[in-house]
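The following paragraphs lead the reader through a single protein structure. They begin with its overall make-up and then turn to individual residues and their partners.

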Amino acid sequence: MKLTPLERRAAVALALVVGLRMFGLFLVLPVFAAQARAYPDAVPWLIGLALGVYGLGQALLQLPYGLLSDRIGRRETISIGLLLFALGGAVAAFASTLKAVVAGRALQGMGAVSGAALALAADLTRDPVRGKVMAILGMSIGASFVMALLLAAPLFAIGGLPFLFGATAVLALASLVVLWLAVPAPQRVAAPAAVGAGSLLGVLGDRRLLLLDLSVFVLHALLTAAFVALPTLLGDRLGLSLAQHWHFYLPVMIAAALSLGVFVGGRASTLTGLGWRQIAALALCATGLAVLTKGQGVMLLGFGGFAFFSGFTALEALMPTMVSRLAPVSRRGAALGAYASLQFLGAFVGGLVGGVLLGRLGEPGVLLGAAALAALWCGILLLLQRGLGRLSKR
């Protein structure tokens with residue numbers, strides 16, 4: 001089934017809103033860990049905290065923002081979050097200490113609108129084509145991630161970390177303009193979800209949604225932890241300067257993008273919310289991290305990066321679609337808010353734990369810990385998939 005003109009407009013405009021904001025969020029990742037040591041109060045755990053602290057605010061506020069969007073409207077709620085995100089970027093841009101950067105990143109985290117944006121996309125599309133729209137949004141996030149990896153170092157060369165943080169603020173304001181000028185208002189608004197214990201338990205108590213929430217927690221913990229280690233590791237093992245990191249990321253991400261078609265498609269299990277392709281993608285993440293831990297030379301490190309980023313981009317595109325399908329219409333904002341909360345809580349935990357491991361075990365220890373977490377969660381999902389499959393046949 002084809003998208004209607006309204007659905008195409010909504011998909012393209014929302015992809016731009018989400019993509020601009022996420023580009024600003026990803027822009028700091030490839031260079032921050034290597035450059036944060038220049039702040040006078042820099043220590044490893046504080047570097048990890050500064051990298052991932054935005055995830056704490058996002059985690060705490062995604063569900064309230066999702067519920068608020070069910071009440072007052074999606075665009076109004078998203079606007080509040082984008083303004084806070086822009087303010088946090090400005091604070092970090094003018095920071096002279098790493099602790100001040102932490103404060104700015106925490107303020108950025110208060111712009112927790114991912115769940116509300118996904119709910120708006122669901123509101124503006126019909127059920128048969130919603131998967132296509134969610135895939136477009138997922139691809140916009142993936143494209144933002146790739147562009148951030150490639151452009152972070154050149155933009156850093158212009159004005160350092162303050163310039164990058166300032167750019168995140170400008171991109172958030174640009175997203176706000178697109179939101180109101182290009183994104184259609186929902187034509188039909190569902191009855192507001194009840195903001196109470198019953199509503200929250202109804203969202204959080206669904207086993208399939210819970211597994212998806214925990215899976216995205218693991219996925220973004222892996223991503224943030226990886227970027228605690230990768231900037232320095234690429235310099236040490238490949239002899240690449242910060243400005244040359246795109247030599248590594250460009251071919252890796254092109255190959256990862258080409259592999260996306262292997263994972264996208266087919267139906268996920270209605271028993272767990274995760275199908276075999278998603279579990280395979282997570283296993284690929286674990287494999288890539290393990291190779292990066294011990295790999296030497298461009299071929300091994302390139303394969304490790306390809307494996308990790310292939311699995312990551314596939315899961316990033318697949319899982320939000322499953323959440324939107326499984327969630328009740330009147331609680332879709334709350335369900336996607338809960339999903340986004342766990343996503344960003346994973347980023348916070350990954351940055352914090354990654355910083356601690358960096359101080360104690362160095363970059364290989366960070367990647368080894370991430371690989372172990374990916375393998376553990378992959379094994380748990382595999383056991384659940386098999387166990388629930390056997391029960392369904394009885």
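Helices, in the sense used here, are DSSP runs of H or I with at least four residues, numbered from the N terminus. By that convention A370 is found in helix α15, which covers residues 332-392. The model is a predicted one, and the description below should be read accordingly.

In overall make-up, the protein has 15 helices and zero strands. Of its 394 residues, 58% count as buried. The exposed area of the protein comes to about 15300 Å², and carbon and sulfur atoms supply 71% of that area. Among the contacts with a separation of 6 or more, 84% are accounted for by residues 24 or more positions apart.

Residue A370 offers an example of contact between distant parts of the chain. Its C-alpha atom and that of A221 are separated by 7.8 Å, although the two residues stand 149 residues apart along the chain. Once neighbours within four places in sequence are left aside, A370 is in contact with L222, A225 and L289. A370 counts as buried because its relative accessibility is 5%, and buried means under 20%.

Helix α10, residues 207-238, contains D213. With a relative accessibility of 3%, D213 also counts as buried. Its contacts, apart from neighbours within four places in sequence, are with A338, Y339 and L342.

Charged pairs come next. Side chains of opposite charge can pair when their charged atoms come close. How many salt bridges does a search of the whole structure find? The search finds two. In one of them, E7 pairs with R126, and the closest N and O atoms are 2.8 Å apart. E7 belongs to helix α1 (residues 5-26), whereas R126 lies in the loop between α7 (114-123) and α8 (127-182), so this pair ties together parts that are 119 residues apart in sequence. E7 is buried, with a relative accessible area of 3%, while R126 is partly exposed at 30%.

R74 and D123 also meet through their side chains in a salt bridge, at 2.6 Å from N to O. Since R74 lies in helix α5 (residues 74-93) and D123 in helix α7, the pair ties together parts that are 49 residues apart in sequence. R74 counts as buried at 8% relative accessibility, and D123 counts as partly exposed at 26%.

The aromatic side chains form another group. A pair of aromatic rings is described by the distance of the centres and the angle of the planes. A search of the whole structure finds eight aromatic pairs. In the pair of F248 and Y249, the ring centres are 5.5 Å apart and the planes stand at 75 degrees, so the arrangement is edge-to-face. The pair of F308 and F309 is edge-to-face as well, because its planes are at 65 degrees, with the centres 5.1 Å apart. F248 is buried at a relative accessible area of 5%, Y249 is buried at 0%, and both F308 and F309 are buried. Ring pairs link these four residues with F227 and F312 into a cluster.

A further ring, that of F85, has the charged end of R21 sitting over it, 5.3 Å from the ring centre.

At the surface, V43, W45 and V356 make a nonpolar patch of about 250 Å². W45 is found in helix α3, residues 44-52, and is partly exposed, with a relative accessible area of 46%.

How values were computed: Residues numbered from 1 in each chain as written. Predicted model: local features only at pLDDT ≥ 70, side-chain atom pairs only at ≥ 80, totals over all residues. Heavy atoms only, no water. Patch = residues over 30% accessible without salt bridge, like charges linked within 9 Å, V, L, I, M, F, W, Y side chains within 5 Å. Areas by Shrake-Rupley, 256 points an atom, 1.4 Å probe, with all protein chains shown as cover. Salt bridge = Lys/Arg side-chain N within 4 Å of Asp/Glu carboxyl O. Helix = DSSP H or I, 4+ residues; strand = E, 2+ residues; numbered from the N terminus. Buried < 20%, exposed > 50% of the residue type's maximum accessible area, 1.4 Å probe, protein only. Phe/Tyr/Trp six-rings, centres within 6.5 Å; stacked < 30°, edge-to-face > 60°. Lys NZ or Arg CZ within 6 Å of the ring centre and 35° of its normal. Contact = heavy atoms within 4.5 Å.
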